[in-house]
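Welcome, and please open your viewer. We will go from one selection to the next, and at each stop you will read what is there.

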Amino acid sequence: MTATQRIGMVFSTKKLKQSRLVDISKRARSSGLDIVELDLSRPMEEQMPLDMVVHKVSDIIAKAKAGDKNAQAEYERFQTFCSIHPNIHIVDPLDRVAKLLDRKSTMNVCSPDHALFHIPSTVYAANVHELHTLDLTFPLFCKPQSACAVSGSHHMVLVPSSLELTQLQQHFPPEDPVILQQFIPHDGVLVKVYFAYPDHVYIFYRPSFKNIDQGFSKAIFFDSQKLPKSFDAESADQHHIMTDPSVRDHVKAKVDPKRIQHIAAHLQRQLQLTFFGFDVLLESTTGEYHVVDINYFPSFKEVDNFPDVFIATLKQKLDEPLAQPNHDSQ
């Protein structure tokens with residue numbers, strides 16, 4: 001009889017609910033896994049033995065960077081634990097995850113394969129006051145460089161022209177670095193992709209910004225987490241968002257699922273992560289694929305069988321050699 005393997009989880013309550021993992025321990029028992037929630041406020045040694053730890057500690061990292069002493073202690077405790085227990089599987093090693101907590105480092109680690117996809121032209125600025133010195137092409141998106149779960153990390157502005165650059169000072173702290181990314185006309189349909197190791201790829205479609213015409217003149221501030229998630233009744237205050245399901249169906253018919261799978265495999269080879277998501281835009285005029293965002297361990301909330309995928313993925317990782325290093329090299 002195969003021995004039960006013990007897995008510790010470090011997730012926020014919100015994350016557990018979003019990914020439908022609240023009752024995962026009951027479901028996992030029949031697969032020979034004992035899944036328990038870990039408490040980083042307690043010594044980790046008291047919560048042993050463990051064969052694996054699966055986590056999403058971005059909230060803790062964000063609070064630690066903001067000066068929260070309790071969060072700093074918890075994150076240091078977790079880092080130390082990972083470093084001194086190289087025999088325990090960590091999903092995923094902190095040095096790999098850290099690269100996706102900053103949009104600049106994400107773009108640096110993910111080089112495109114132009115036969116498969118492109119990454120929109122991107123410019124980095126130390127702060128919004130520096131923008132007038134840069135050679136920019138409009139329209140563009142302005143985003144915080146930090147992609148971590150800090151306040152404002154999902155606040156963005158669509159900028160139609162240089163005349164609207166001054167509006168950015170209202171929306172971004174003066175000392176925070178930002179990135180400026182070329183706007184790709186994509187018929188208002190975003191292709192959202194979830195990846196789970198080794199080769200589970202799930203494709204969904206979300207409303208996005210309509211193509212910009214000459215009548216578009218004002219900057220649009222938005223929170224990317226609050227954009228509509230489905231194509232239905234148009235919101236009165238979001239007339240710039242495509243909500244016509246027939247347009248979604250038109251774009252969906254053009255998407256090649258095999259190409260999306262190849263893009264996911266390409267990114268996984270570079271990132272070496274177990275769970276991640278990315279957004280793709282199909283350029284309206286050329287049909288080219290553009291990867292515009294990558295994030296660690298998204299919600300998978302549209303994936304109905306994700307709890308089963310989660311268990312199967314962890315079992316496979318347990319059977320493979322340990323990932324190294326298991327510490328944050330940042």
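Buried area is the accessible area, taken with a 1.4 Å probe, that two parts lose on being put together, summed over both. Keep that idea ready for the first stop. The model you are looking at is predicted, so local features need pLDDT of at least 70 and side-chain atom pairs count only at pLDDT 80 or more, while totals for chains, interfaces and linings use all residues. Residues are numbered from 1 along each chain as its sequence is written, and side-chain values use heavy atoms, with hydrogens and water left out.

**Stop 1: the two domains**

Select residues 5–91 together with 307–319 and colour them as domain 1, then give 103–298 another colour as domain 2. These bounds come from an automatic or database domain assignment. The C-alpha centres of the two domains are 29 Å apart.

Now turn to where the domains meet. How much area do domain 1 and domain 2 bury between them? The figure is about 1,200 Å², with 67% of it on carbon and sulfur atoms. On the domain 1 side, 17 residues are in contact with 13 residues of domain 2, where contact means heavy atoms within 4.5 Å.

Five residue pairs, both residues at pLDDT 80 or more, are in polar contact between the domains. A polar contact is a pair of N or O atoms within 3.5 Å; within protein, one must be able to donate a hydrogen and the other to accept it, and residues adjacent in sequence count only if both atoms are side-chain atoms.

Next, select β3 (52–55), α3 (58–65) and α9, the elements that give two or more residues to the side of domain 1 that touches domain 2. Helices (H or I, at least four residues) and strands (E, at least two) are DSSP runs, numbered from the N terminus. Of these elements, α9 gives the most, with six residues.

**Stop 2: salt bridges**

A salt bridge is a side-chain nitrogen of Lys or Arg within 4 Å of a carboxyl oxygen of Asp or Glu. The whole structure has six of them, yet zero are found across the interface of domain 1 and domain 2.

Show the side chains of R27 and D308, a salt bridge whose closest N and O atoms are 3.0 Å apart. Because R27 lies in helix α2 (residues 24–29) and D308 in helix α9 (residues 306–318), the pair ties together parts that are 281 residues apart in sequence. R27 is partly exposed at 40% relative accessible area, and D308 is also partly exposed, at 39%. Here buried means under 20% relative accessible area, exposed over 50%, and partly exposed in between (1.4 Å probe, protein chains only).

Move on to D34 and R6, whose closest N and O atoms are 3.5 Å apart in their salt bridge. D34 is in strand β2 (residues 33–37) and R6 in strand β1 (residues 5–10), so this pair ties together parts 28 residues apart in sequence.

Then select D279 and K192. Are they buried or exposed? D279 is buried at 8%, and K192 is buried at 14%. Their salt bridge has its closest N and O atoms 2.8 Å apart.

**Last stop: A98**

Finally, select A98 in helix α5 (residues 94–98). A98 is buried, at 16% relative accessibility. Add I61 and draw a line between the C-alpha atoms: A98 and I61 are 37 residues apart along the chain, and the line spans 9.2 Å.
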